[in-house]
Amino acid sequence: MEVIILPDKAKAALLVARIIARALRAKPDLVLGLATGRTMEPVYGLLVEMHQQAGLDFSRCATFNLDEYIGIPADHPGSYRRYMDAFLFDRVNLSQARTHLPDGIASDLSAECHRYEALIAQAGGIDLQLLGIGDDGHIGFNEPLSSLRSRTREKALTPATREQNAPQFGGDPAQVPGRALTMGVGTILDSRRCLLLVTGRSKAAILAQAVEGPITAMVPASALHLHPRCQVVADEEAASALRGIDQYRWLFAHEPEWADFQDLA
Ligand code: GLP
């Protein structure tokens, strides 16, 4: 795992957008794993800008989102399909047919989970998986105690998560669906590269547990230590509880992989 610390959330989002853009230019048929949440909004805004101003081409790319709520239709204002359309899909040259989210209103949810795993496999696996972290350490909707080998499946959401995601449902946690379909921790770990973006002081304590604590199902994001190529991008606020900050900064300044990104430091 590598931890990159940048001064603010705008620069952290810019690094992530530039990494995605570079991966897409190197492999136009990139299979991109996507995440939702407020943290990702500036990343998608930047990708749209790169598409409009620099011709970043999404036409051959395929996308797979981490998760979707159960029981709300795609056109519900709180659905992740709506979120993705609004922030990215409708604003770049990505045909809907190449964008995938689990179907939270499928009549057979277990079959839907198998179909989703099969679609990812058919696409050749995920090249680059973008991730955020929940206040309780979840990735996707893998809540604490999720099996570290889990695959796409149905999960119950914790009260903390429903509280965290209430703004998309008029501010009322009771309106947030109680269950979701989510890629499993094992599905996420199968991707070829993971990029975890974490910003804001409210995430500092959970980020420190995920990065510097033990690998534990109580903090599903800590499972990213089992991934051979996981990079964590944090702003100063989110990084403020990390003990190894000096070492992480030194590595970012000296590793050749990051030479082209020093303008963001
Ligand atoms: C939701 C998503 C997660 C995301 C989390 C963080 O729960 N299922 O994938 O990481 O929100 O949200 P935010 O970025 O708004 O803090």
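These questions and answers walk through the sheets and the ligand site of a predicted model.

Trainee: In which order do the 7 strands of the open sheet stand?
Mentor: Their pairing is parallel. The sheet is open. The order is E1-E10-E9-E6-E2-E3-E5.

Trainee: Which strands stand at the edges of that sheet, and why is one side of each left without a neighbour?
Mentor: Look for strands with a single partner strand. Such a strand has one side without a neighbour in the sheet, because nothing pairs there. The two at the edges are E1 (2-6) and E5 (99-100).

Trainee: Over how many bridges do E1 and E10 pair?
Mentor: Strand E10 covers residues 230-235. E1 and E10 pair in the parallel sense. In E10, Asp235 is the bridge partner of Leu6. The number of bridges is 5.

Trainee: Is the pairing in the sheet of 3 strands parallel or antiparallel?
Mentor: In general, strands of a sheet pair through backbone hydrogen bonds in either sense. Here the order is E4-E8-E7. E4 (67-69) and E7 (153-156) each have a single partner strand, so they stand at the edges. The pairing is antiparallel.

Trainee: By what angle are neighbouring strands of the E4-E8-E7 sheet turned against each other on average?
Mentor: This is an average over neighbouring strands. Direction is ignored. The angle is 30°.

Trainee: Which residue stands opposite Arg153?
Mentor: E7 pairs with E8, residues 179-182. The pairing is antiparallel and runs over 4 bridges. Opposite Arg153, in E8, stands Thr182.

Trainee: How far is an oxygen atom of the ligand from an N or O atom in the side chain of Thr39?
Mentor: 14 residues surround the ligand, and Thr39 is among the closest, as are Asp67 and His138. Gln164 has a polar side-chain atom 3.2 Å from a ligand oxygen. For Tyr80, a polar side-chain atom lies 3.5 Å from a ligand nitrogen. For Thr39 the distance is 2.4 Å.

Trainee: What share of the ligand's exposed area does the protein bury?
Mentor: The ligand takes up the space of the largest pocket. Taken alone, the ligand exposes 390 Å². Of that, the protein buries 97%.

Definitions and conventions
Residues numbered from 1 in each chain as written. Predicted model: local features only at pLDDT ≥ 70, side-chain atom pairs only at ≥ 80, totals over all residues. Heavy atoms only, no water. Pairing = 2+ DSSP bridges. Axes fitted to C-alpha atoms, helices over the stretch in contact; angles between N-to-C directions. Near = heavy atom within 4 Å. Polar contact = N/O pair within 3.5 Å; in protein donor to acceptor, adjacent residues only side chain to side chain. Areas by Shrake-Rupley, 256 points an atom, 1.4 Å probe, with all protein chains shown as cover. 1 Å grid on protein atoms, 1.4 Å probe; cavity = no way out; pocket = protein on both sides within 12 Å on 5 of 7 lines; lining within 4 Å. Sits in = over half its atoms within 2 Å of the grid points.
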